[in-house]
Amino acid sequence: MQGEQHYLVGLDLGGRRVVVVGGGTVAQRRLPRLVAAGAVVDLISPEVTPAVEGMVDSGEVTWHARGYADGDLDGAWYVLACTSVAEVNERIATDAEERRIFCVRADVATLGTAVTPAVGGHDGLLVGVLAGGEHRRSARVRDGLLSALRDSTVVDHHEQLAGVALVGGGPGDPDLITVRGRRLLARADVVVADRLAPRELLDELSSTVEVVDASKIPYGRAASQDFINSTLIEHAKAGKFVVRLKGGDPYVFGRGFEELLACAEAGVPVTVVPGISSAFGVPAMVDIPVTHRGVAHEVVVVSGHVAPDDGRSLVDWEALARLRGTLVILMGVERSRAFADVLMAGGRPHDTPVSVIQEGTTRTQRVVRSTLDKVADDIVGEAIRPPAIIVVGTVAGLAKDL
């Protein structure tokens with residue numbers, strides 16, 4: 001009843017019937033968590049949103065395409081009245097109360113016998129906040145609690161982490177690391193960091209965390225892969241939780257799988273946390289879609305660490321030249337002329353748009369927009385240096401229309 005405090009409780013809905021009446025956006029928001037809780041959901045509504053229909057098609061929800069009727073609540077453990085008609089919601093709530101079934105009224109929360117808190121998940125925790133019907137307040141507090149848990153302002157070391165986590169830090173901007181990656185980073189005892197990993201994140205670490213520099217500077221100083229592997233293994237076997245913080249995604253030219261194999265051979269458990277690959281994230285930040293309807297139906301990501309005529313190359317450059325879609329070249333600045341020449345010789349038009357993005361997503365980001373026949377000279381003229389992404393294809397020229 002209005003003015004009374006609610007009793008916050010967790011319901012075990014696994015295998016139990018839950019009735020949701022109404023298939024609009026409220027149902028769209030509530031259904032995923034009900035399904036995740038294992039509830040057997042019967043949805044009653046003449047119409048549903050496309051997202052809800054997708055859940056029906058996948059077998060997660062049973063849809064009864066009609067209005068609410070007597071007997072619909074029989075056998076239910078929990079009811080959500082979320083139609084757009086107040087009289088229907090009132091009838092559902094009355095029927096539920098007569099059957100002693102807790103009911104949420106989405107239109108007027110205080111008129112139901114249950115309310116839905118602002119909820120969010122963190123590492124096995126389900127955080128719920130009620131604020132007496134002040135939905136924005138409960139959502140703000142929920143967000144604050146989750147943020148504090150994720151950045152370890154509120155400490156929840158409920159278990160001792162062990163082994164190694166291969167964490168993709170994203171293309172450079174520290175805000176582009178995943179939530180899980182940031183959470184594991186906050187719990188690390190040792191961080192083995194790449195040069196391209198978001199540097200600002202290291203400043204957030206506790207003073208007790210040991211940071212190991214695993215930088216590999218192009219054509220300069222570099223930590224060997226053997227050194228990196230042995231560092232991960234030695235610290236993990238000493239009982240420390242090690243985060244291998246890498247730029248981009250660990251498995252996109254990041255040698256992440258090599259490190260996983262080394263740890264596996266040594267009996268060290270590994271957790272892999274994917275990251276936003278610079279191959280896609282960096283072009284997006286400068287208004288280059290690597291695919292676009294009617295323009296590019298394929299995108300190929302290529303390592304440019306060896307030239308096309310190098311015996312170590314595994315790339316079929318002639319085949320790439322025949323493609324009409326997007327080509328993203330990583331680590332290709334030094335050999336850009338060779339790549340452009342082989343693509344043009346294979347049939348790519350000389351005026352194919354090309355964009356080069358240096359240090360994408362960071363404050364020092366630079367963009368050079370060119371064409372395939374001029375890009376090598378423009379890279380030299382603009383003093384572009386690694387790390388830089390080269391995007392070849394029609395999509396690289398779309399930004400000029402903005």
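In this predicted model, the side chains of strand β8 alternate: V164, L166 and G168 point one way, A165 and V167 point the other way, and all of them are buried. Because five of the five residues of β8 (residues 164-168) are buried, the strand is largely enclosed by the rest of the structure.

The neighbours of β8 can be named in turn. Strand β11 (residues 242-246) runs parallel to β8 and is joined to it by five bridges. Within this pairing, A165 is found opposite V243 of β11. Strand β12 (residues 270-273) also pairs with β8 in the parallel sense, here over four bridges. On that side, V167 has V273 of β12 as its bridge partner. As a reminder, strands of a sheet pair through backbone hydrogen bonds, either parallel or antiparallel.

Further along the chain there is an open sheet of five strands, with the order β13-β14-β17-β15-β16 and mixed pairing. Its edges are formed by β13 (299-303) and β16 (366-371), each of which pairs on one side only. From one strand to the next, the twist averages 20°. Inside the sheet, β15 and β17 run antiparallel and are joined by five bridges. V354 stands opposite V392 of β17. A helix accompanies these strands: α8 (residues 278-285) lies across β13, β14, β15 and β17, and runs at about 80° to β17.

Several elements of this sheet return in the nonpolar packing. The largest nonpolar core has 21 residues, and W317, L327 and V356 are those with the most contacts inside it. At least two residues of this core come from each of α9 (317-322), β14 (326-330), α10 (336-345), β15 (353-358), α11 (375-381) and β17 (388-392). Helix α10 supplies the largest share, four residues. L327 offers a handy view of the surroundings: leaving aside neighbours within four places in sequence, L327 is in contact with V300, V302, W317, L320, L343, R348, I390, V391 and V392. A second core, separate from this one, has 20 residues, including V18, V20, A39 and Y78.

Attention now turns to charged side chains. Side chains of opposite charge can pair when their charged atoms come close. Across the whole structure, a search finds 16 salt bridges. One of them joins the side chains of D74 and R99, at 3.3 Å from N to O. This pair links distant parts of the chain, 25 residues apart: D74 sits in the loop between β3 (62-64) and β4 (78-81), and R99 in the loop between α3 (86-98) and β5 (102-105). D74 has a relative accessibility of 47% and so counts as partly exposed. R99 is partly exposed as well, with a relative accessible area of 36%.

A further salt bridge brings together the side chains of E382 and R366, with an N to O distance of 3.7 Å. Since E382 lies in the loop between α11 and β17 while R366 belongs to strand β16, the pair ties together parts that are 16 residues apart in sequence. R366 thus connects this contact to an edge strand of the five-stranded sheet, β16. E382 counts as partly exposed at 41% relative accessibility, and R366 counts as partly exposed at 28%.

D310 and R312 also meet in a salt bridge through their side chains, at 2.9 Å from N to O. Here the two partners fall into separate exposure classes: D310, at 23% relative accessibility, is partly exposed, whereas R312, at 60%, is exposed. Beyond such pairs, a network of salt bridges links D194, R244, K246 and E259.

One last position concerns D123, which is placed in the loop between β6 (118-122) and β7 (125-129). At 25% relative accessibility, D123 counts as partly exposed. D123 and R183 are 60 residues apart along the chain, and their C-alpha atoms are separated by 8.9 Å.

Key:
Residues are numbered from 1 along each chain as its sequence is written. This is a predicted model: local features need pLDDT of at least 70, side-chain atom pairs count only at pLDDT 80 or more; totals for chains, interfaces and linings use all residues. Side-chain values use heavy atoms; hydrogens and water are left out. Buried means under 20% relative accessible area, exposed over 50%, partly exposed in between (1.4 Å probe, protein chains only). Two strands pair if DSSP finds at least two bridges between them. A nonpolar core is a set of buried Ala, Val, Leu, Ile, Met, Phe, Trp, Tyr and Cys residues joined through side-chain atoms within 4.5 Å. Contact means heavy atoms within 4.5 Å. Axes are lines fitted to C-alpha atoms, for helices over the stretch in contact, and angles run from 0 to 180 degrees between N-to-C directions. A salt bridge is a side-chain nitrogen of Lys or Arg within 4 Å of a carboxyl oxygen of Asp or Glu.
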